[in-house]
Amino acid sequence: MTFDGTWKIDRNDNYDKFMEQMGINMVKRKLAAHDNLKITIQQNGNKFAVKESSNFRNLEINFTLGDTFEYSLADGTELSGSWNMEGDMLKGIFNRKDNGKQLTTTRIVQRDELIQSYNYEGVDAKRIFKKC
């Protein structure tokens, strides 16, 4: 499948402003900007297995498209939501448990890059990964 493989962070676009809007303190934002995140994705039909490994944590997430699940960000922010396919793009809509505000995330593969985009409270950011 298109998303299958291991992807290593290459660069960020407006990620610090996004994290600031999310309420993440400066120290955690500086650490997160250099987390060396690696994502491994395996898709089997509408089921996904995602492994995240970084300098700060290792996490495995299994989800089925359209099914709601719980997830915690690296800073501890708890979310509830689901992923769906929109054409060639994975789109996740999650609500924060602490304030009910919505975080939208998309993933799309373009050439040898996985582009993960975020929107929270009007602030957009991207993390671009290269295929390993």
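**Exercise 1. Which residues lie nearest the centre of the largest pocket, and how many residues line it?**

Before you start: this is a predicted model, where local features need pLDDT of at least 70, side-chain atom pairs count only at pLDDT 80 or more, and totals for chains, interfaces and linings use all residues. Residues are numbered from 1 along each chain as its sequence is written, and side-chain values use heavy atoms, with hydrogens and water left out.

*Solution.*

Step 1. Get the term straight: on a 1 Å grid over the protein atoms alone, a pocket is an open set of points with protein on both sides within 12 Å along at least five of seven lines, and lining residues have an atom within 4 Å of a point.

Step 2. Look at the lining: 32 residues make it up, and Tyr15, Arg57, Tyr71, Leu73 and Ala74 lie nearest the centre.

Step 3. Sort the lining by class: 22 residues are nonpolar (Ala, Val, Leu, Ile, Met, Phe, Trp, Tyr, Cys and Pro), 7 are charged (Asp, Glu, Lys and Arg) and 3 are polar (the others, Gly among them).

**Exercise 2. Find the salt bridge between Lys17 and Glu20, and place both residues.**

*Solution.*

Step 1. Recall the rule: a salt bridge needs a side-chain nitrogen of Lys or Arg within 4 Å of a carboxyl oxygen of Asp or Glu.

Step 2. Check the distance: for Lys17 and Glu20, N to O is 3.7 Å.

Step 3. Place the pair: both sit in helix 1, 3 residues apart, about one turn of the helix. Helices here are DSSP runs (H or I, at least four residues), strands are too (E, at least two), and both are numbered from the N terminus.

Step 4. Check the cover: Lys17 has a relative accessible area of 48% and Glu20 has 38%. Both count as partly exposed, because that class sits between buried (under 20%) and exposed (over 50%), with a 1.4 Å probe and protein chains only.

**Exercise 3. Work out which parts of the chain the Lys97 and Glu70 salt bridge links.**

*Solution.*

Step 1. Start with the atoms: the closest N and O of Lys97 and Glu70 are 2.3 Å apart.

Step 2. Now find the places: Lys97 is in the loop between strand 7 (89–96) and strand 8, while Glu70 is in strand 5, so the pair links distant parts of the chain, 27 residues apart.

Step 3. Finish with accessibility: Lys97 is partly exposed at 46%, and Glu70 is partly exposed at 47%.

Terms used: On a 1 Å grid over the protein atoms alone, a cavity is a set of points where a 1.4 Å probe fits but cannot get out, and a pocket is an open set with protein on both sides within 12 Å along at least five of seven lines; lining residues have an atom within 4 Å of a point.
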